[in-house]
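Visitor: I should like to be guided through a protein structure, one question at a time. Where shall we begin?

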Amino acid sequence: MPSPKARSSAARSGSVPCTGGNGRYEFISLSRTPPPHLLQRQGSDPTTARLRASESPNRRRGSGSSTSSTGGQQLPEEDCMKLNPSIIGIALSSLLAIDLWLSKRLGVCACEDSSWGSVRPLMKLVEISGHGIPWLAGAAYCLYKSDSAAGQEVMLNLLMALVLDLVLVGVMKAVVRRRRPAHNRMDMFATFSVDGYSFPSGHATRAAMCARFLLAHLVLAAPLRVLVLLWATFVGFSRVLLGRHHVTDVVFGFFMGYWQYNLVEILWLSPVVLQSTIGQLH
Ligand SMILES: CC(C)=CCC/C(C)=C/CC/C(C)=C/COP(=O)(O)O
């Protein structure tokens, strides 16, 4: 009997097992004309056997398409593609394997009994600092309290940026539908249904976008600017430590947040635009 491995590789290569006269299995390729001693065993005469071989799935599949030559043997093109997986495919699956392995190794605060479980409460504080609700509430409060037109403009645009971020991340999560790491405990506060998905990290996009926003629109002393950058980096890193995300979710989240800020600049709501919009509504 051929081993299951031999059987499956035979199926992939387009050959079929058949028993020889001595009861042992021999493999013949469906894309080649079988040797005469096997042809005689397959049918009453060589012509019938050759006809059966020409009806094989490989021949049928390859009949309409072009073929490639490998060492003198004609193979259907789709089989050649299976035998030569693309470099990009191999690179992507290797990256994903490294991502899964690294994310699991770094998820040291994923629960209380993890190796760094004692710092989990601190990581959850960092998580809250990058959550959408405090940021939306903070921006709305500052808008309400601001008595200068410039301050109101900045806060209104920060609000718009935060809403835009929620929408874009939500759409992306719903499209990609990547599951969160298996070691994640889903005990986050205030989540949408799409937050069951992992890619990209909403905290990372928000942290990157808000950091750029604050650095561009607030006059901050150098130590505070450094603090803003450190905060954004730490929010992203804490997502992996908490086991909430894979490394690639966070890295992509940072890129996405960075570009989202460019979009905010393009869509910037100026008082002139606002007044004309309000005027058109009336
Ligand atoms: C006013 C209103 C509807 C606010 C919604 C804010 C909200 C629930 C944001 C979700 C924030 C969140 C849990 C994102 C998930 O972040 P990941 O880093 O885990 O992707």
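Guide: We begin with a term: a salt bridge is a side-chain nitrogen of Lys or Arg within 4 Å of a carboxyl oxygen of Asp or Glu. The structure shown is a predicted model. Within this model, the side chains of Arg 244 and Asp 187 form such a bridge, with N and O 2.9 Å apart.

Visitor: Which parts of the chain does the pair of Arg 244 and Asp 187 tie together, and how many residues apart are they in sequence?

Guide: Arg 244 belongs to the loop between α11 (222-241) and α12, while Asp 187 belongs to the loop between α9 and α10. The pair therefore ties together two loops, and their separation in sequence is 57 residues.

Visitor: Is Arg 244 buried or exposed?

Guide: A residue counts as buried under 20% relative accessible area. The relative accessible area of Arg 244 is 0%, so Arg 244 is buried.

Visitor: With which other residue does Asp 187 meet in a salt bridge?

Guide: Asp 187 is partly exposed, at a relative accessible area of 27%. Its further partner is likewise partly exposed, at 35%. The N to O distance in this bridge is 3.6 Å, and the partner is Arg 185.

Visitor: Which residues are linked with Arg 185, Asp 187 and Arg 244 in a network of salt bridges?

Guide: Arg 244 and Asp 187 meet in one bridge, and Asp 187 and Arg 185 meet in another. The network that holds these three also links Glu 112, Arg 120, Lys 124, Glu 127 and Arg 239.

Visitor: How many residues apart are Asp 249 and Arg 178, whose side chains also meet in a salt bridge?

Guide: The N to O distance of this bridge is 2.8 Å. Asp 249 is in helix α12 (residues 247-266), and Arg 178 is in the loop between α9 (149-176) and α10 (202-217). The pair thus links distant parts of the chain, 71 residues apart.

Visitor: Do Asp 249 and Arg 178 count as buried or exposed?

Guide: The cut-off for buried is under 20% relative accessible area. Asp 249 has 0% relative accessibility and therefore counts as buried. Arg 178 has 18%, so Arg 178 also counts as buried.

Visitor: How many salt bridges does the count come to?

Guide: The bridge of Asp 249 and Arg 178 is one of those counted. By the 4 Å rule, the count comes to twelve salt bridges.

Visitor: Let us turn to the nonpolar side chains. Which helix gives the most residues to the largest nonpolar core?

Guide: This core has 17 residues, and among those that touch the most other members are Trp 135, Leu 158, Met 209 and Phe 213. The helices α8 (132-145), α9, α10 and α12 each supply at least two residues of the core. With eight residues, the helix that gives the most is α9.

Visitor: Which residues are in contact with Met 209, leaving aside its neighbours within four places in sequence?

Guide: Met 209 is a member of the largest nonpolar core. Once its neighbours within four places in sequence are set aside, its contacts are Ala 161, Leu 162, Asp 165, Gly 257, Gln 260, Tyr 261 and Val 264.

Visitor: Is the aromatic pair of Trp 135 and Trp 231 stacked, edge-to-face or tilted?

Guide: The ring centres are 5.6 Å apart, and the planes meet at 40 degrees. Planes under 30 degrees apart count as stacked and over 60 as edge-to-face. The angle lies between these cut-offs, and the pair is tilted.

Visitor: Which helices hold Trp 135 and Trp 231?

Guide: Trp 135 is buried, with a relative accessible area of 16%, whereas Trp 231 is partly exposed, with 22%. The two residues are 96 residues apart and lie in helix α8 and helix α11, respectively.

Visitor: Which residues form one aromatic cluster with Phe 213?

Guide: Phe 213 lies in helix α10 and its ring partner in helix α12, so the pair ties together parts that are 48 residues apart in sequence. That pair is edge-to-face, with 6.1 Å between centres and 85 degrees between planes. The cluster joins Phe 213 with Tyr 261 and Trp 268.

Visitor: What percentage of the residues of the protein count as buried?

Guide: Phe 213 and Tyr 261 are both buried. Of the 282 residues of the protein, the buried share is 35%.

Note on methods: Residues numbered from 1 in each chain as written. Predicted model: local features only at pLDDT ≥ 70, side-chain atom pairs only at ≥ 80, totals over all residues. Heavy atoms only, no water. Helix = DSSP H or I, 4+ residues; strand = E, 2+ residues; numbered from the N terminus. Buried < 20%, exposed > 50% of the residue type's maximum accessible area, 1.4 Å probe, protein only. Core = buried A, V, L, I, M, F, W, Y, C linked by side-chain atoms within 4.5 Å. Contact = heavy atoms within 4.5 Å. Phe/Tyr/Trp six-rings, centres within 6.5 Å; stacked < 30°, edge-to-face > 60°.
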